[in-house]
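Reader: I should be grateful for a close look at the internal spaces of this model, and at the parts of the chain that surround them or stand out in their backbone geometry. Please treat the matter as one connected account.

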Amino acid sequence: MKVKFAVIGTSKITKMFIEAAKQDQRFELHAVYSRGKETAQAFAKDHNAAHVFTDLSALGQCQEIDAVYIASPNSYHAQQAIQMMNAGKHVLCEKPIAVNSNEFQAMVTSAKQNNVCLMEAMLSSFVPNFLTIKNSLDKISPLRKFTASFCQYSSRYPAYLHGDNPNTFNLAFANGSLVDIGIYPLYAAISLFGEPDNVQSQCTKLASGVDGCGDVLLSYEKSWQLQAVISHSKVSSGENIGELQGENGRIVWQHSSEFNQVKLLLNDGEEQTLSVEQNSNKMVYECQHFLDLIAAKRIESPVNSWQLSLLVLQVLEQVRAQQSIVYPNDNV
């Protein structure tokens, strides 16, 4: 069964999604949406999409489209997703799936009412090496510390420093370092350990009102008796390594969105490579999972569940409250 998709957004990540999804024979790119007609036409031509839309209502009314991938600015996610779900389309929405938990609850309500699938496109949940880490926790337990960073100097930062206001650092688009890239290790920690007992944070806030870099400390005192430390930055670059420490050893990896080079290092000196071969386009796995959900007529993922998305959003809200970062969507 072919699933006919439309994509909302024409950025680099949309291109990656299409290239990944095309590796599954069930996927068919049917339409491209962009506010600019020329942009949409050029993108559709590059990716062999049959139709172009510049009006979301017209996109929703197109009966040929089964599902929509949303990769627009964060501030538009909830509005566009609800509009598409109300039109009977399944929705795979880029992270963060919404700006706040109120928006997300409205999205879930729409998914239930329209009996369509809604999933957050957090690719790292599905990569084989992250699943390997999940299945190896008992080798080093009891667990004590999780540390992971995602620090990557933004190509848009020089433009920001010269007085421009690119989307990456624009408060109006609900952006910033934590929600853009820090969310990857944060999502991993909450996926592994659940809701934290306490959240503490610090950040360097830019004049635009968003965070340029920062750290988040999650405390799990009642359940795991461990701490998770998340470091993130869009204004500096780092090694982007991760480590999960237990009393019997540790698991280390490269890059908390792709989970490369995973190794087990035990206290007795034993070392073991846990990495398995992964597709070069890490979005392949989430695409396959989403298509599986549609085929099985399931409206919620058991992996990137609505509860997991909600927990992540609630932590993001706590951090933003601590750092006095308020998005326009928060006041709607």
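Author: Helices and strands are taken here as DSSP runs, of at least four residues for a helix and at least two for a strand, and they are numbered from the N terminus. The model is a predicted one, and every value below is computed from it.

The open space comes first. The largest pocket has a volume of about 1400 Å³. Its lining comprises 41 residues, and those closest to its centre are Ser-11, Lys-12, Ile-13, Lys-95 and Asp-180. Three helices, H1 (12-21), H4 (77-86) and H8, each contribute at least two residues to this lining. The greatest contribution to the lining of the largest pocket is that of H8, with four residues. Sorted by class, the pocket lining holds 17 polar, 15 nonpolar and nine charged residues.

The enclosed space is a separate matter. Over the whole structure, one cavity of 30 Å³ or more is found. The largest cavity contains about 80 Å³ of space. It has 13 lining residues, and Leu-178, Asp-211, His-232, Val-319 and Ile-325 are the ones nearest its centre. At least two lining residues of this cavity come from each of helix H8 (177-193), strand E8 (198-205), strand E9 (211-220) and helix H10 (306-322). Strand E8 gives the most to the cavity lining, namely three residues. Six of the residues lining the largest cavity are nonpolar, four are polar and three are charged. Helix H8 thus appears among the contributors to the cavity lining and among those to the pocket lining.

Helix H4, one of the contributors to the pocket lining, also packs against another helix. Its axis and that of helix H5 (residues 101-114) come within 9 Å and cross at roughly 10°. An angle under 35 degrees counts as roughly parallel, and H4 and H5 are therefore roughly parallel to each other. On the H4 side, the contact is made by His-77, Ala-78, Ala-81, Ile-82, Met-85 and Asn-86; on the H5 side, it is made by Glu-103, Ala-106, Met-107, Ser-110, Ala-111 and Asn-114. Seven of the residues in this contact are nonpolar, four are polar and one is charged.

The backbone leading towards H5 has a notable feature. Lys-95, one of the residues closest to the centre of the largest pocket, is joined to Pro-96 by a cis peptide bond with omega of about -15°. Pro-96 belongs to the loop between strand E5 (90-94) and H5. A further cis peptide bond runs from Ser-141 to Pro-142, where omega is near 0°. Pro-142 is situated in the loop between helix H6 (128-134) and strand E7.

Strand E7 (residues 143-151) includes Ser-149. Residues under 20% relative accessible area count as buried, and so Ser-149, at 16%, is buried. Leaving out residues up to four places away in sequence, Ser-149 touches Ser-231, Asn-240, Ile-241 and Ser-256.

Ser-257 lies in the loop between strand E12 (249-254) and strand E13 (260-266). Its relative accessibility is 8%, which means that Ser-257 counts as buried. The C-alpha atom of Ser-257 is separated by 9.6 Å from that of Asn-240, a residue 17 places away along the chain. Asn-240 is also one of the residues touched by Ser-149. Apart from neighbours within four places in sequence, the contacts of Ser-257 are with Leu-123, Ser-124, Val-127, Phe-150 and Tyr-184.

Two residues with positive phi complete the account. Asn-48, which is not a glycine, has a phi of about 60°. Its place is the loop between helix H2 (37-47) and strand E3 (51-53). Exposed means over 50% relative accessible area, and Asn-48, at 63%, is therefore exposed. Ser-324, likewise a residue other than glycine, has a positive phi near 55°. Ser-324 is found in the segment after H10, and H10 is one of the elements that line the largest cavity. With 52% relative accessibility, Ser-324 counts as exposed, whereas Ile-325 is among the residues nearest the centre of the largest cavity.

Definitions and conventions
Residues are numbered from 1 along each chain as its sequence is written. This is a predicted model: local features need pLDDT of at least 70, side-chain atom pairs count only at pLDDT 80 or more; totals for chains, interfaces and linings use all residues. Side-chain values use heavy atoms; hydrogens and water are left out. On a 1 Å grid over the protein atoms alone, a cavity is a set of points where a 1.4 Å probe fits but cannot get out, and a pocket is an open set with protein on both sides within 12 Å along at least five of seven lines; lining residues have an atom within 4 Å of a point. Grid points are joined across faces, edges and corners, and a volume is the space filled by probe spheres set on the points. Ala, Val, Leu, Ile, Met, Phe, Trp, Tyr, Cys and Pro count as nonpolar, Asp, Glu, Lys and Arg as charged, and the others, Gly among them, as polar. Axes are lines fitted to C-alpha atoms, for helices over the stretch in contact, and angles run from 0 to 180 degrees between N-to-C directions. Angles under 35 degrees count as roughly parallel, over 145 as roughly antiparallel, 65 to 115 as roughly perpendicular and the rest as oblique. Contact means heavy atoms within 4.5 Å. Buried means under 20% relative accessible area, exposed over 50%, partly exposed in between (1.4 Å probe, protein chains only).
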